[in-house]
Amino acid sequence: MTEGRCPQRLDKWLWLARVVKSRSLAARLVAGGHVRVNARRVQSPAKSIGPGDVLTIVLDYRVRVLRVIAPAARRLSAREAAHLFEELTPGRELSPHA
């Protein structure tokens, strides 16, 4: 995991943080208008994001709200990836160690 304000592509971060199964799926999700960054809809998979950004993602008929904590240099295990974001989805209390 890389620390700091280092910007990272939205599609790449979604894949590295294990929000989606593949980077191409992440790119299609963003291009389809299913992702907002700080309450603004984005359609460019190349949109830069960094720590502090809030992502709203419509995925599989549900909405997830995540605050980016850190970028990643490589795809991490599910347990490690849980430390890249804070789950803000109402009614969803997830522990990074679950």
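Which pattern does the chain follow when read along the sequence? Colour this predicted model by secondary structure and trace the chain from its start: the order is β-α-α-β-β-β-β-β-α-β, made up of three helices and seven strands.

With the whole chain still selected, switch on the surface, which comes to about 5700 Å² of accessible area, 52% of it belonging to carbon and sulfur atoms. Of the 98 residues, 39% count as buried, and among the contacts with a separation of 6 or more, 43% are between residues 24 or more positions apart.

Next, hide the surface and select L10, W13, L14, V19, L55 and I57, the residues with the most contacts inside the largest nonpolar core, which has 25 residues. Adding α1 (10-16), α2 (23-31), β2 (35-37), β5 (54-59) and β6 (62-68) to the selection shows the elements that each supply at least two residues of this core, with α1 giving the most, namely four residues.

Now centre the view on I57 and display its surroundings: apart from neighbours within four places in sequence, I57 is in contact with L14, V19, L29, H34, V35, R62, V63, R64 and L66.

From R64, one of those contacts of I57, move on to E87, whose side chain is joined to that of R64 by a polar contact of 2.6 Å. E87 lies in strand β7, which covers residues 85-87, and a further polar contact, of 2.4 Å, joins the side chains of E87 and T89. Is E87 buried or exposed? Its relative accessible area is 15%, and because buried means under 20%, E87 counts as buried.

Notes
Residues numbered from 1 in each chain as written. Predicted model: local features only at pLDDT ≥ 70, side-chain atom pairs only at ≥ 80, totals over all residues. Heavy atoms only, no water. Buried < 20%, exposed > 50% of the residue type's maximum accessible area, 1.4 Å probe, protein only. Polar contact = N/O pair within 3.5 Å; in protein donor to acceptor, adjacent residues only side chain to side chain. Contact = heavy atoms within 4.5 Å. Areas by Shrake-Rupley, 256 points an atom, 1.4 Å probe, with all protein chains shown as cover. Core = buried A, V, L, I, M, F, W, Y, C linked by side-chain atoms within 4.5 Å.
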